[in-house]
Amino acid sequence: MAPPQPRLGLLALAILLALCPAASADPRTSVAGQTCAPGTAVSGSTLADNFVPAMDELNTNVSAHGFGTSAVGSGPNTVFGLGQCLRDLSSVDCKLCFAEVRSLLPKCYPRVGGRLYLDGCFGRYGNYSFFGEALDAATDARVCGTEGNYTGPADPRAFEDAVRAVLANVTAAAAAEAPGSQGFGAGSAAVGAATAFAIAQCWESLNATACAQCLRAASDAVAPCAPATEARALFAGCYLRYSTRQFWNVNATAGSDSSGHSGILWILLGSFLGAFAIVLVIAFLAWKKRILSRRKGCNSFIDMYGDGLSVRIAQSSLSFKYEELRKTTNYFDPSNKLGQGSYGAVYKAVLPDGKEVAVKRLFLNTRQWADQFFNEVDLISQVRHKNLVKLLGCSMNGPESLLVYEYYFNKSLDLFLFAYGCQPATCLLSYLWVRMFKKNTSRRRNLTWDLRVDIIQGIAEGLSYLHGESEIRIIHRDIKASNILLDDKLKPKITDFGLARAFGEEVTHLTTGVAGTLGYMAPEYIVHGHLTEKADVFSYGVLVLEIVTGKRCSNSNGSHGGQVLLTKVWKHYKDNRVEMIVDRSIYEDSIRDEAMHILQIGLLCTQANPDDRPTMGKVVELLRNHRNALEIVLSDPPFLNVDAVEDIKEGEHSRLLSSNSAPSLSGSSRSYLSGR
């Protein structure tokens with residue numbers, strides 16, 4: 001196969017760039033320094049829920065404006081982000097530089113904060129609002145060094161004077177520009193035969209006073225580095241660097257003409273020939289890369305992790321290429337975004353053959369996230385069931401890991417169940433928005449009682465297959481409304497296997513770190529990390545109650561709302577007031593008996609004692625035989641001591657266990673199902 005011919009547009013662009021010899025362009029992606037906060041996240045799963053969308057939003061803002069902030073979440077689990085490119089970077093160079101930040105900054109996760117300084121841009125996240133922070137004595141640093149083989153200036157004292165002079169100049173220029181204009185300064189100073197170059201940049205979040213304070217401290221820190229030929233100040237609110245060479249990007253100036261027309265002609269001719277040669281080399285390398293990527297399939301990214309992962313991925317015959325998928329999503333255009341989960345965003349894509357697919361994008365390329373990515377690929381590629389989402393392929397040969405699934409037009413169950421997708425505090429505003437702008441509100445009304453029963457049945461059959469009918473036993477660990485997709489006939493498909501665990505027939509349980517969504521997690525799993533299929537049964541029971549009531553199990557802060565829903569349902573159930581439980585938009589007296597039976601199954605699945613919960617196979621049997629009057633006797637559901645649960649989620653799990661002060665469970669320890 002012959003190498004592809006260079007595109008005329010690319011050639012023209014290369015020639016155009018070459019015709020500007022006095023201009024330089026460099027995204028400066030060299031890492032100047034990275035620091036991660038000493039403390040780990042107090043709530044790993046909650047931080048993950050907020051971390052990924054915060055980084056995604058930050059990347060969008062910086063790519064569009066050169067500077068951006070983000071804040072996702074509420075209370076102590078809010079993730080704040082800040083990013084900025086240095087002012088001399090072009091829009092393209094800024095995107096290239098911050099793409100590197102986006103890839104490397106998550107290496108600090110799950111620490112509560114991190115900073116990454118590249119020579120062309122900066123990125124930071126934390127669990128508090130640091131946007132106005134100019135100095136941080138604990139982490140502010142300077143880096144002194146010598147470039148290449150250069151041993152030092154010929155006149156060290158003159159160079160020291162030049163460094164002090166240029167630092168004074170650029171910091172004054174940056175401080176003068178600070179209010180709302182990317183406080184930036186760049187320049188040079190010469191003393192005798194010694195010349196020093198420097199650049200200073202404040203983050204746009206600082207006011208003029210804070211910018212000047214940061215730059216003064218940064219200048220005082222790096223000035224003593226001279227006569228070292230290179231130094232950087234990496235401060236909370238600013239970046240400062242000096243060198244023996246000009247290292248920033250500049251535009252062509254009028255002084256370019258001083259060399260005469262003859263010199264310009266030679267420069268243009270040389271630039272043209274050089275650009276042409278570069279384009280040929282790029283075309284050849286692109287061709288070679290295409291050939292290699294075809295051979296390697298999805299293995300490139302995973303190879304760095306070893307452990308035979310690349311071999312197992314190759315066996316799955318998943319062969320999507322990163323660049324092809326990126327194009328099919330229109331370069332991850334926000335308008336194609338279908339949803340945001342704990343581990344990445346999902347985008348709609350249209351393949352070259354016209355097939356619509358969903359692309360799940362995970363950019364956290366650490367070992368932990370690679371393991372989770374592979375876990376999902378490995379497990380879901382081995383199972384086939386009408387109520388499980390189908391995996392079509394993967395890509396690991398780009399800067400981000402991608403999964404490709406079947407696309408379902410109706411998206412997820414939570415969009416149908418919860419009328420306005422809001423929490424109680426904001427429902428009024430959402431309602432007014434819907435009424436004023438006539439946003440489609442038919443989804444919830446279209447979810448009739450019969451459809452809800454079919455969805456409950458389908459989810460149960462999918463889980464029953466995972467637990468005992470497939471070749472491997474799989475516990476999903478994150479059953480919830482947003483992880484149930486609906487096809488064009490509103491049939492349910494279980495998705496998101498990133499947290500799933502598989503184990504052999506002879507294994508009774510796993511003891512593992514707690515992961516999942518609070519409100520859906522079983523009490524024995526929260527308290528002891530004791531994982532069995534009954535943890536999925538509990539989550540399923542909560543989901544059944546959500547489907548019947550049309551209300552979320554989580555409250556406005558996402559903490560222990562599952563207990564609130566259980567409490568309300570249990571109270572009305574004991575009073576035999578089904579009409580107060582079932583979603584009022586669909587309730588009719590004709591469904592009363594069937595609704596009572598479904599509620600009993602949901603409450604049975606949420607029993608405090610895992611032994612009192614049925615298997616999913618038994619649940620399927622009960623649902624299919626709902627016309628038969630099987631007597632279901634229930635005990636009180638588990639009402640957790642929510643304060644103790646919050647302690648666990650705040651990282652106190654080991655302390656609670658060592659002091660034997662685990663969260664208390666109230667409710668009878670016995671319940672039974674007639675005939676079980």
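Just over half of this predicted model is tucked away: of the 676 residues in the chain, 51% count as buried. The surface that remains comes to about 30,700 Å², with carbon and sulfur atoms supplying 54% of it. In secondary structure terms, you're looking at 20 helices and 25 strands. Long-range contacts are plentiful too: of the contacts between residues at least 6 apart in sequence, 69% join residues at least 24 apart.

**How far to trust it**

The mean pLDDT of the chain is 75, and 65% of the residues reach 70 or more. Among the elements, strand E10 (residues 238–243) has the highest mean pLDDT, 96, while strand E25 (residues 672–673) has the lowest, 29. Two stretches to keep an eye on are residues 556–561, where pLDDT stays under 50 and the model has twelve contacts beyond four places in sequence, and residues 640–676, where pLDDT also stays under 50 and the model has 75 such contacts.

**The five-strand sheet**

E10 belongs to an open sheet of five strands, ordered E6-E9-E10-E8-E7 and paired antiparallel. The edges are strand E6 (141–145) and strand E7 (184–191), each of which pairs on one side only. From one strand to the next, the twist averages 10°. Helix H5 packs on this sheet, touching E6, strand E8 (194–202), E9 and E10, and its direction makes about 35° with that of E10.

Take a look at the E6 end. E6 and E9 pair in the antiparallel sense over five bridges, and Ala141 stands opposite Leu234 in E9. The loop between H5 and E9 is worth a visit as well, and Pro224 sits in it. Is Pro224 buried or exposed? At 53% relative accessibility, Pro224 counts as exposed. Its C-alpha is 9.0 Å from that of Cys144, although the two residues are 80 apart along the chain.

**Backbone oddities**

Most residues other than glycine have a negative phi, and most peptide bonds are trans. A few spots here go the other way. Pro227 lies in the loop between helix H5 (208–222) and strand E9 (230–234), and the peptide bond from Ala226 to Pro227 is cis, with omega near 20°. Arg28 and Leu490 are the next ones to check, each with a positive phi despite not being a glycine.

| Residue | Phi | Loop | Relative accessibility |
|---|---|---|---|
| Arg28 | about 50° | between helix H1 (8–18) and strand E1 (31–36) | 4% |
| Leu490 | about 65° | between strand E17 (484–486) and strand E18 (492–494) | 13% |

The cut-off for buried is under 20% relative accessible area. Arg28, at 4%, therefore counts as buried, and Leu490, at 13%, counts as buried too.

**A covered strand: E4**

How many of the five residues of strand E4 (residues 114–118) are buried? Five of the five are, so the strand is largely enclosed by the rest of the structure. In a regular strand the side chains alternate between the two faces of the sheet. Both faces of E4 are covered: Gly114, Leu116 and Leu118 are buried on one side, Arg115 and Tyr117 on the other.

E4 has partners as well. With E1 it pairs in the antiparallel sense over five bridges, and there Gly33 has Tyr117 in E4 as its bridge partner. With strand E5 (residues 121–126), E4 pairs in the antiparallel sense over four bridges. Leu116 stands opposite Gly123 in E5, and the two strands E4 and E5 form a hairpin with two residues between them.

**Helix H14 and Ile456**

Helix H14 has 21 residues and reaches 28 Å from its first C-alpha to its last, close to the 30 Å expected at 1.5 Å a residue. H14 is mostly covered, with 16 of its 21 residues buried. Ile456 lies in this helix, which spans residues 449–469, and at 1% relative accessibility Ile456 counts as buried.

Which residues is Ile456 in contact with, leaving aside its neighbours within four places in sequence? They are Tyr540, Val544, Ile547, Val548, Ile598 and Leu623. Ile456 and Tyr540 are 84 residues apart in sequence, yet 8.8 Å apart in space, C-alpha to C-alpha.

How values were computed
Residues are numbered from 1 along each chain as its sequence is written. Side-chain values use heavy atoms; hydrogens and water are left out. Buried means under 20% relative accessible area, exposed over 50%, partly exposed in between (1.4 Å probe, protein chains only). Contact means heavy atoms within 4.5 Å. Accessible areas come from the Shrake-Rupley method with a 1.4 Å probe; for residues, only the protein chains shown count as cover. pLDDT is the predictor's confidence in each residue, from 0 to 100. Two strands pair if DSSP finds at least two bridges between them. Axes are lines fitted to C-alpha atoms, for helices over the stretch in contact, and angles run from 0 to 180 degrees between N-to-C directions. The expected span of a helix is 1.5 Å times one less than its number of residues.
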